[in-house]
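Visitor: I would like to go through this model term by term, asking each time what justifies the word that is used. Could we have the structure in view before we begin?

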Amino acid sequence: MKLLTHNMLQCTVKGVKNGYPLKIEAVEFEDKEAEFNPDFLRHVFPKIDWPALRDAAETLGYSELPPQVDEAMLEDDEFLRKFHHALMEIHLEEGTLVCPETGRRFPVNKGIPNMLLNEDEI
Amino acid sequence: AWNCEEMSNSRPEHVAPPEIYYGETEAKKYAQNSRILTVQSQLSERAVDLLGLPDRQCMVLDLGCGSGLSGDVISERGHLWIGCDVAPAMLGIALEREAEGDLLLHDMGSGIPFRNAVFDGCISISALQWLCNADKKGQVPFKRLMRLFESLYKCMIRGARAVFQFYPENPQQMEMISSAAMRSGFGGGILVDYPNSTKAKKYYLILFAGVPQSQCVSMMPAPLTEGMSVEDGAAANRRKVAILVEPPTADAKASRGKKKCKILTNAKGVDWILKKKDRMRLQGKKVARDSKYTGRKRKAKF
C-alpha cells in the first residue's frame, strides 16, 4: 500500500468522530519504483494531509520531508522528487493501521489493509 | 461480479455472500475464463469512457475491483486507482496478476473509509447487485446502499462521476438503488446500452457528485444502440432512454392523492404514454415503437 492511499484512508467505525490519520505499526515495508509525474504531484498536493504524510514516511524510515510546505515549493524539482518518493514509492507490506481515537486495529497483509468491520461497528 | 447472461441459471448473489461465492475455485475460474475476461474488459472500457475524466492523471476508486481487470483498464488510460473488494480470494488473484493499484479488503455496504473529496471518479463493474441481497441476519439492503452512496458522495470531488455497471434483477431493485443514490445527494440516472437486445443490454448507473439534477439531464451520455435506425436513435436521445433520478419533493407525498384525481378526470397525454413506454422498455417488455401516431386522439367516427 502506497502512502498516498494511507493518506486518504480513515477509520469509519460507528461513533468515531476523528478516525484520521491511522497510525502505522510497520513490520515490513519496501520501496517500489514508480513513474515520476510532476503534474500529478502538483494536482494532488492540495489534497494531501502533510503532517500525516510526513509522520507516515518517518515511521517507514524516510525522514527527508520538510515539516513546513507551501505551493511555491512545487516548482522545486528536488522537493518534488522527495514528495514523489514518499507518496508513491514507499509501500507498507506487513503491519497494522491503528485508529487514533478508538485504537481499533486494521491488519495489513501482503500490502492489503483489512478494513472489514464487525456488525456492531457499522 | 456476475457474468452469466443465461437467465435460467440462478443468480450468484442468491447462492452465497460474495466473499464466500468467490472462494478459491470461483476466483480462479474468473481469472482464466477468456469469455469472462473479454466481457469484463469491455464493460470496464465503457465505464471508464462514461467517467469522462479530465486529461491528466486522476485518482479513481474501483468498488468491487475483484482480480483487478477493471483496474487494468484504468491503468492503461494512465490513471491511478484504489480497489476495494470483499472477497479475499479475488484480491489474491489481483496480487498474483500484479495489479497496479492499491487494494483494500472491504465491504462497500459498510461505507467507504476515505477522507473527503479525494477521488476524481469511481467505477464499479458487476458488483452493485450484490448489495441488494441481505446475506446476514439484520442486514437491510436499502440501508447498506445508503451507507455506500452517502460515504461515496463525501469522498468524491465536486463534479466527479461514479459509474456503476450492474445487473438489476427487477425494476424494484433499480428503483431502490436510484432512490438511495439520490437521497445521498447524487444527481444522475440509469443508462441502458443496447436497450433492444436481450443479451447485449447493459445497465449503467451514472451519478454526478455536487451537480444539480437539472444540469445532470443534459450531461447524461447517450446510450449505445445496435440495429436502431438513425431516426429512432435520435428520437431516443431526445427523450433520453435513461430514466432519470428525480429528487423527491417535500410535497410529493401530499400531492399524490391530488394527482390521482387529476388523472381520473383528464386523459393521459402523449408525454405520459411515452414515459410509460420507456418504463416498460426498461423492464424488458415488448413495446410498440414510437411514431407520430403515438398518443394521438382517435377521430370521432360518428
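Visitor: What makes K277(B) and D290(B) a salt bridge?

Guide: A salt bridge is a side-chain nitrogen of Lys or Arg within 4 Å of a carboxyl oxygen of Asp or Glu, and the closest N and O atoms of K277(B) and D290(B) are 3.0 Å apart, so the pair falls under that definition. K277(B) lies in helix α12 of chain B and D290(B) in the segment after α12, so the salt bridge ties together parts that are 13 residues apart in sequence. Helices here (H or I, at least four residues) and strands (E, at least two) are DSSP runs, numbered from the N terminus.

Visitor: Before we go on, what kind of model is this, and how are its parts numbered?

Guide: This is a predicted model, in which local features need pLDDT of at least 70 and side-chain atom pairs count only at pLDDT 80 or more, while totals for chains, interfaces and linings use all residues. Residues are numbered from 1 along each chain as its sequence is written, chains are lettered from A and ligands numbered from 1 in the order in which they are written, and side-chain values use heavy atoms, leaving out hydrogens and water.

Visitor: Which residues belong to the network around D290(B)?

Guide: D290(B) also forms a salt bridge with R281(B), where the closest N and O atoms are 3.1 Å apart. Salt bridges that share partners join K277(B), D278(B), R281(B) and D290(B) into one network.

Visitor: Why is R281(B) called partly exposed?

Guide: Buried means under 20% relative accessible area and exposed means over 50%, with partly exposed in between (1.4 Å probe, protein chains only). R281(B) has 25% relative accessibility, and therefore counts as partly exposed, whereas K277(B) and D290(B) are both buried.

Visitor: How do you know that the salt bridge of K2(A) joins two chains?

Guide: The closest N and O atoms of K2(A) and D102(B) are 3.8 Å apart. K2(A) lies in the segment before α1 of chain A and D102(B) in strand β3 of chain B, so the pair joins two chains. Both residues are buried, and over all chains the structure has 21 salt bridges.

Visitor: What makes β2 and β3 of chain A paired strands?

Guide: Two strands pair if DSSP finds at least two bridges between them, and strand β2 (residues 90-98) and strand β3 (residues 105-109) of chain A have 4 bridges, in the antiparallel sense. One position to look at is G95(A), which stands opposite V108(A) in β3(A). These strands belong to an open sheet of 4 strands in the order β1-β2-β3-β4 of chain A, where β1 and β4 are the edge strands, each pairing on one side only.

Visitor: Why is S126(B) called buried, and K110(A) exposed?

Guide: S126(B) has 0% relative accessibility and therefore counts as buried, while K110(A) is exposed because its relative accessible area is 57%. S126(B) lies in the loop between β4 and α7 of chain B, and K110(A) in the loop between β3 and β4 of chain A.

Visitor: What is notable about the backbone of these residues?

Guide: Most residues other than glycine have a negative phi, and most peptide bonds are trans. K110(A) has a positive phi of about 50 degrees although it is not a glycine, and phi of S126(B) is near 50 degrees, likewise positive in a residue other than glycine. A cis peptide bond joins Y20(A) and P21(A), with omega about -10 degrees.
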